[in-house]
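Trainee: Could you take a close look at one residue with an unusual backbone for me, and then walk me outward from there through the rest of the fold? I'd like one connected account.

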Amino acid sequence: MNKMDTAGCAAGEEDRGGSPRRAECDVLVIGSGAGGLSAAVAAAHLGLEVIVAEKAGTFGGTSAFSGGWLWIPNAPHAVAAGRGEDPETPKTYLRHILGNRYDEAMIDGYLRAAPRMLAFFETNTQVRFNPGSGVPDFHGDVPGAAQGWRSVVAAPYDGRQLGSLIDRLRPPIPETTFLGMGIASGVDMRMFLTAMRSPAAFAYVSRRLLKHLRDLALHRRSMQLVNGNALIARLLRSAADKGVTLWSGTAARELIRQGRRVTGAVLATGGGDVTVCARRGVVLAAGGFPHDPGRLHDLLPHVRAGTPHHSAAPETNSGDGLRLAESAGGRVSERMAHAAAYAPVSLVPRPDGSTGRFPHLVERGKPGIIAVTAEGRRFTDEGGPYHDYIRELIAATPPDRPVVSWLVCDRRFLRRYGLGAVKPAPVPFGRWLRNGYLSEGASVEDLARRCGIDPAGLKRTVETFNRHAAEGRDPEFHRGTTPYQRAQGDPDHTPNPCIAPIVDAPFYAVRVVPGSLGTFAGIETDAQARVLDASGQPVPGLYAAGNDMNSIMGGQYPSGGITLGPAMTYGFLAAEAIVADGAAQEEHDGRTQNAI
């Protein structure tokens, strides 16, 4: 590779205060979610010297908050179980969901590379996955949809294996845990939801709680890591094992260029600016723009119309990677069907005066709950995909009104399944009534008045819903008719696991607003994660992964795991491209030198 001028960039040079002013590496990764850490681990495995710079004080980004699922058809786990499939089948599914935003080159590249990425990490690192044999695609009525075996999830991890790095791992969203203990989807969550009705589940939960209390006493936090927290912990352990330098509290201020080539970045730290010279390349993986007010206004219509957007992603994900790419000639897509990965979010008052953002991903599919607008009308299949919930709420709201909804249930539902941050029985819920997060009414009309919902409208909606729900039917939105909907329901409830009347007073509601799990619109790249300029040519030395990279799903949400799957795959491909590009540059320089 061309030996750039790195005079004055020797690692270890210090300012008068003893802090490093300059550093040197092969690859600089900006951001530490699954995309960034995958690029770092893969690059280090391939023999490169890597620095990861994370803006926040902890590592993991949005990935550490996530469910830890990756959508990867023909994953090694499925193939080994005899559940491989013709690649045309998932492509058929994606064509129906993505429509005219289906990019043949990107989708083909992803479907080929993603299984190879999984095999690499499971063979060469501490990263391990369990198969999602019973996890359906979101849209089961679309050709090519699968009822399982297209997903994998990060295997649980013992946090003690991280050593001192455990203190630098971003914890999950507090309101989604129980006393700080993460609960995995599937069997783990089912045990917690049925603990008061099943002796076996009660025993299981008791063991989990005792272990957690021991961890709190010894380590001041949970050590049984699950979901996205386990994925990031495994990636961090792997990064440390391979010699990756990990810097937290370090924000990227600007890129350094020599001509068109990106050769490093200026990083802001608590001890002052650090100039990092990256011999091979820079990978942008800073988490998209979920907290960038300007870009949210430009790309989300409901924000332009006056409704705030409340993303559950970390607040440090404020569009840094996108701005850096644009400064080097990259471009951010404006062609997405939806610029954000929408999710219904409730705003949670915290004891310290801050506000949490709870993503409603689970309880909406259980029997005995509906979602309504301010007019008291239903607008969606409540148990359907979380992206669709907000998309359809926006469509149902008149342009001159704020976009808002309420999840409404009765006491039976609240104590059996919980509602948002409110946990099911036997956990008390009085504080949620006192701080205003949870509203309660002696009747449906009383609840509506307390929430600001039209009382007559809500009464009509509940009566109509109950009349059909008594028979397990939902003629308006057809809940319980697809594999995904049924998987979200309660298998112990018949005749429809997703439908039950709302009849047991008092009644409860939580206010739900437009939010997201992250953003879709991002930096346009080629199929090897190289950042492209306005003419479609790669910007030398610049790559993107994770939510900084434009979503290959075209702004649609076909299944769970379509964010983390591409994030890790394109992080992995970025590392391979950096090595290949470096080799090509060295060959070119050698030919030029010989010619001279």
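Mentor: Let's start with histidine 478, which is partly exposed because its relative accessible area is 45%, a value between the 20% and 50% cut-offs. Keep in mind that this is a predicted model. Histidine 478 sits in the loop between α15 (455–469) and α16. Its backbone is what catches the eye: phi of histidine 478 is near 60°, a positive value in a residue other than glycine.

Asparagine 74 has a backbone feature of this kind too, with a positive phi near 60° in a residue other than glycine. You'll find asparagine 74 in the loop between β3 (69–71) and α2 (76–80). A glycine with positive phi turns up as well: glycine 99, with phi near 60°, follows α3.

While we're on the backbone, look at the cis peptide bonds. One joins threonine 494 to proline 495, with omega near 0°. Proline 495 belongs to the loop between α16 (483–488) and β18 (507–519). Another cis bond joins alanine 425 and proline 426, and there omega is about 10°. Proline 426 lies in the loop between α12 (411–417) and α13 (430–434).

Helix α13 takes us to a pocket. Along with β13 (340–349), α13 supplies at least two residues of the lining of the second largest pocket. That pocket has a volume of about 330 Å³. Its lining counts 16 residues, and Pro174, Thr177, Lys423, Arg431 and Trp432 lie nearest the centre. By character, the lining of this pocket divides into ten nonpolar, two polar and four charged residues.

Now for the enclosed space. The count comes to one cavity of 30 Å³ or more, and the largest cavity holds about 130 Å³ of space. It is lined by 13 residues, with Gly546, Asn547, Ser551, Thr563 and Pro566 nearest its centre. Helix α17 (residues 564–595) gives the largest share of that lining, three residues. Here the lining splits into seven nonpolar, six polar and no charged residues.

Back to α3, the helix that glycine 99 follows. In α3 (residues 88–98), the buried residues are Pro90, Lys91, Tyr93, Leu94, Ile97 and Leu98. Looking down the axis of α3, these buried residues fall within an arc of 155°, so they line one face of the helix. They pack against β3 and α4 (104–124). So which side chain should you look at in α7 (residues 227–241)? Try serine 238, which is in that helix. Serine 238 counts as buried because its relative accessibility is 1%. Leaving out residues up to four places away in sequence, serine 238 touches Val41, Thr125, Gln126 and Val127.

Last come the charges. The count of salt bridges comes to 39. In one of them, arginine 208 pairs with aspartate 188, and the closest N and O atoms are 2.9 Å apart. This pair links distant parts of the chain: arginine 208 is in helix α6 (residues 199–219) and aspartate 188 in helix α5 (residues 187–193), 20 residues apart. Arginine 208 is buried, at 6% relative accessibility, and aspartate 188 is buried too, at 8%.

Aspartate 533 and arginine 260 form another salt bridge, with their closest N and O atoms 3.0 Å apart. That pair also links distant parts of the chain, 273 residues apart: aspartate 533 is in the loop between β19 (530–532) and β20 (538–544), while arginine 260 is in the loop between β9 (251–258) and β10 (261–269). Aspartate 533 is buried at 12% relative accessible area, whereas arginine 260 is partly exposed at 45%.

For a bridge inside one helix, go to arginine 391 and aspartate 388, whose closest N and O atoms are 3.4 Å apart. The two are separated by about one helical turn because they are three residues apart in helix α11 (residues 386–396). Arginine 391 counts as partly exposed, at 29% relative accessibility, and aspartate 388 counts as buried, at 10%. Finally, salt bridges that share partners join Lys55, Asp292, Arg295, Asp320, Arg323 and Glu326 into one network.

Definitions and conventions: Residues are numbered from 1 along each chain as its sequence is written. This is a predicted model: local features need pLDDT of at least 70, side-chain atom pairs count only at pLDDT 80 or more; totals for chains, interfaces and linings use all residues. Side-chain values use heavy atoms; hydrogens and water are left out. Helices (H or I, at least four residues) and strands (E, at least two) are DSSP runs, numbered from the N terminus. Buried means under 20% relative accessible area, exposed over 50%, partly exposed in between (1.4 Å probe, protein chains only). On a 1 Å grid over the protein atoms alone, a cavity is a set of points where a 1.4 Å probe fits but cannot get out, and a pocket is an open set with protein on both sides within 12 Å along at least five of seven lines; lining residues have an atom within 4 Å of a point. Grid points are joined across faces, edges and corners, and a volume is the space filled by probe spheres set on the points. Ala, Val, Leu, Ile, Met, Phe, Trp, Tyr, Cys and Pro count as nonpolar, Asp, Glu, Lys and Arg as charged, and the others, Gly among them, as polar. The arc is that of the directions from the helix axis to the C-beta atoms. Contact means heavy atoms within 4.5 Å. A salt bridge is a side-chain nitrogen of Lys or Arg within 4 Å of a carboxyl oxygen of Asp or Glu.
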